[in-house]
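Biologist: I should be grateful for a close look at one part of this predicted model, namely its pockets. Which residues and elements form their linings, and how is each lining composed?

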Amino acid sequence: MIEARHLRVLRTVAATGSFSAAARELGCTQPAVSQQMKALEASAGTPLIVRTGREMRLTHAGDVLVRHATGILAGLTAAEEEIAAIAGLRAGRVRLVSFPSGSSTLVPTALAALRAAHPGTRVSLVEAEPPSSAEMLRAGDCDVALAFRYGGSATEWDDLVVRPLLVDRLVGLVPEGHRLADAGAVAMGDLAEESWIAGCPRCRKQLVDACAESGFTPRIDFATDDYPAVIGLVAAGLGVAVLPELAMESVRPKGIRTLTVEPSVRREIVALTLPDLARVPAVAATLDQLVLAAAR
């Protein structure tokens with residue numbers, strides 16, 4: 001294995017013409033230069049320098065190695081500088097995945113603050129719902145995943161670094177002219193006979209479970225994962241719905257009333273990353289900004 005420090009010594013010996021001159025240039029002793037040259041020749045498996053009297057010259061192998069050493073050492077220097085920039089947050093890349101309501105509320109605030117503090121750090125964003133987002137993280141397809149869970153397994157994220165952000169509750173949505181519009185709070189059972197607007201089968205699971213606990217199965221006439229569409233359908237009097245409070249921050253509700261749902265249904269919103277990635281400065285800074293954004 002040829003080491004970079006040995007290549008630096010060889011290049012200096014070739015440039016100065018002697019071990020003693022190379023030692024002065026490198027700020028070390030002549031025996032140290034001689035020892036490193038012997039180690040390099042052992043790694044190369046062939047002599048690199050020959051002595052003729054007081055003079056010293058490169059062998060053909062030595063000449064080839066010096067020629068390659070210039071490019072190798074230049075590349076290492078560039079790599080060291082780039083890594084130093086990343087470590088100092090003058091550069092870096094973070095791949096973020098988030099669920100839609102997080103993308104429209106927490107993410108913009110966090111990324112704007114991150115860019116202001118570390119303009120050299122680039123962040124890309126794609127959307128995915130949990131548990132897909134956590135699997136993307138484990139598969140190496142992202143560096144940070146914004147995710148949520150309703151109760152769920154206490155061990156589902158045990159292999160990940162979990163940064164708690166906030167607890168978000170579901171709120172009920174009814175049209176302005178609805179019989180419960182001025183109620184302020186509503187029991188799920190009071191909506192048993194209503195037409196419901198809900199998301200895809202996987203996304204509506206929490207709604208179905210909450211209704212089951214209240215003794216009924218919701219009649220879902222409209223299915224959409226688009227929050228503005230949900231609000232538009234409710235406002236038109238076509239049904240009722242429940243949405244996370246965070247989702248309500250990302251739309252302009254018109255023609256509807258929001259109600260506190262009893263019993264309360266809450267979801268835990270977190271930022272996830274891998275243990276090794278948590279030590280990467282750009283990833284750590286992104287997590288910190290997500291925490292601050294959630295606290296605002």
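**The pockets**

Modeller: The second largest pocket is lined by T105, L106, T109, L166, V167, D168, E245, L246, E249, A293, A294 and R296. Four elements each contribute at least two residues to this lining: α6 (106-117), β6 (161-175), α10 (245-249) and α11 (281-295). By class, the lining of the second largest pocket comprises 6 nonpolar, 2 polar and 4 charged residues. The volume of the second largest pocket is about 180 Å³.

The largest pocket, for its part, encloses about 900 Å³ of space. Its lining consists of 38 residues, of which E129, F148, Y150, R202 and C203 lie closest to the centre of the pocket. In the lining of the largest pocket, 20 residues are nonpolar, 7 are polar and 11 are charged. Several elements each provide at least two residues of that lining, including the helices α5 (100-104), α7 (132-138), α8 (205-213) and α9 (227-235), together with the strands β5 (144-149), β8 (195-198) and β10 (241-244). The largest share, 4 residues, is supplied by β10.

Turning from the pockets to a single position, S98 belongs to strand β3 (residues 92-98). With a relative accessible area of 0%, S98 is buried. Beyond its neighbours within four places in sequence, S98 makes contact with S103, V107, L125, V126, E127, A128 and L146.

Two cysteines may be added: C142 is buried, at 2% relative accessibility, whereas C28 is partly exposed, with a relative accessible area of 31%. The structure contains 0 disulfides.

How values were computed: Residues numbered from 1 in each chain as written. Predicted model: local features only at pLDDT ≥ 70, side-chain atom pairs only at ≥ 80, totals over all residues. Heavy atoms only, no water. Buried < 20%, exposed > 50% of the residue type's maximum accessible area, 1.4 Å probe, protein only. Contact = heavy atoms within 4.5 Å. Disulfide = S-S within 2.5 Å. 1 Å grid on protein atoms, 1.4 Å probe; cavity = no way out; pocket = protein on both sides within 12 Å on 5 of 7 lines; lining within 4 Å. Points joined across faces, edges and corners; volume = space filled by probe spheres on them. Nonpolar A, V, L, I, M, F, W, Y, C, P; charged D, E, K, R; others polar.
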